[in-house]
Amino acid sequence: MNTKKAPFNDVRVRKAFALALNRPEIVQGLWGKYAEVGNDSPLWAGYAFTDKSVPQRRQDIAMAKSLLSAAGAENLKVTLNCYRAFEMPDYAQRVAQALKKIGVSCTVKVYTSAQYFDGVSFGAKGKLAPWLGVDFGIVDYGARATPLTYLDAALHSGGVWNAARYTNPTFDKMIKNFEGAPSIGQQKKFARQMQLQLLKDTPVIYSYFYNYIAGTSPKVHGYVPDGISVVNLRGVTLS
C-alpha cells in the first residue's frame, strides 16, 4: 500500500485492510496444507530468530469498520493490482471480497508478467515498473535463507523495491541492529522489535507463506528442493 498517498497514507486505513482478511480461510482456499498464515512481517516462523510470541493479527470486521470511520474513509474505491501467475489473481479476488465486508469497493486489475515488471526499480533511470508504481498491489518473493532482501530492499527507507514507500528511521535502525547482532538471541530481540513495528505501521500485508513444492523421480535420492529454485545436487544419488 502506497503509504505516501491517500487513502493509504493513513495507518488506520492500512490496518483496516489488514483486519478485513480471514487469513486461515485464505490459506486453506489457496494452498490447503501447503502454506501457513503470515503476520504482516517477512519474518516467518521458520527463521530461528523470529519471535513466535508476537500476537497473530486476526480478522476483526467491526474494528476494521471503526478504523475506516475514524479515518473518514468510508465507501472507499480502490484498485488492487497483480500479475497473472501462480495463485495471485485468485488471492486478489479473495482480498476484494474481504474488503467488501468492510464497505470498500475493490476492483482487481491483472497484468501479464511482462507488463507488471516492465520498467526499472526505485533509484534507476527510466520508467518505473508497474509493480512498484501502483498504489495497491500484490507481488511474490522467492524464499531467502536470511531476510536481508526483504528488509533492505523492500522495507528500508529508500529501498529499491520499497513499493509501499515506507519510511521510518526507527525501523531502519532496527534493521541495522538486527543485521549487526552477533547471536541468535540478539537477533531475536531486534526481530521482535521489527515484528511489532510492522504490525503498528502496517505498510505491507503478509497474509501467508507457502511451501516450495517440487517433484522428483523415485530413482532420485537425497534431493532437497530449494525455495528460490536453486538446484542443489550435493549428496544426491540415482538408482
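This briefing covers one helix pair and two buried residues, Gln197 and Thr202. The model is predicted, and every value below is computed from it. The helices concerned are α2, which spans residues 23–31, and α4, which spans residues 88–100. Gln197 belongs to helix α9, whereas Thr202 sits in the loop that runs between α9 and β4.

**Packing of α2 against α4**

- The axes of α2 and α4 lie 11 Å apart and make an angle of about 150°; because angles over 145 degrees count as roughly antiparallel, the two helices are roughly antiparallel to each other.
- The crossing in which α2 passes α4 is right-handed.
- On the α2 side the contact is made by Glu25, Ile26, Gly29 and Leu30, which meet Asp90, Tyr91 and Arg94 of α4; sorted by class, this contact holds three nonpolar, one polar and three charged residues.

**Gln197 in α9**

- Helix α9 covers residues 184–201 and includes Gln197, whose relative accessible area of 14% places this residue in the buried class.
- When neighbours within four places in sequence are left aside, the contacts of Gln197 are Tyr166, Asn168, Thr170, Phe171 and Met174.

**Thr202 in the loop after α9**

- Thr202 lies between α9 and strand β4, the latter at 208–210, and is buried, with a relative accessible area of 0%.
- Not counting residues up to four places away in sequence, Thr202 touches Met1, Arg14, Lys15, Ala18, Asp40 and Arg57.

Technical notes
Residues are numbered from 1 along each chain as its sequence is written. This is a predicted model: local features need pLDDT of at least 70, side-chain atom pairs count only at pLDDT 80 or more; totals for chains, interfaces and linings use all residues. Side-chain values use heavy atoms; hydrogens and water are left out. Axes are lines fitted to C-alpha atoms, for helices over the stretch in contact, and angles run from 0 to 180 degrees between N-to-C directions. Helices (H or I, at least four residues) and strands (E, at least two) are DSSP runs, numbered from the N terminus. Angles under 35 degrees count as roughly parallel, over 145 as roughly antiparallel, 65 to 115 as roughly perpendicular and the rest as oblique. A crossing is left-handed if the near helix is turned anticlockwise from the far one by less than a right angle, and right-handed if clockwise. Contact means heavy atoms within 4.5 Å. Ala, Val, Leu, Ile, Met, Phe, Trp, Tyr, Cys and Pro count as nonpolar, Asp, Glu, Lys and Arg as charged, and the others, Gly among them, as polar. Buried means under 20% relative accessible area, exposed over 50%, partly exposed in between (1.4 Å probe, protein chains only).
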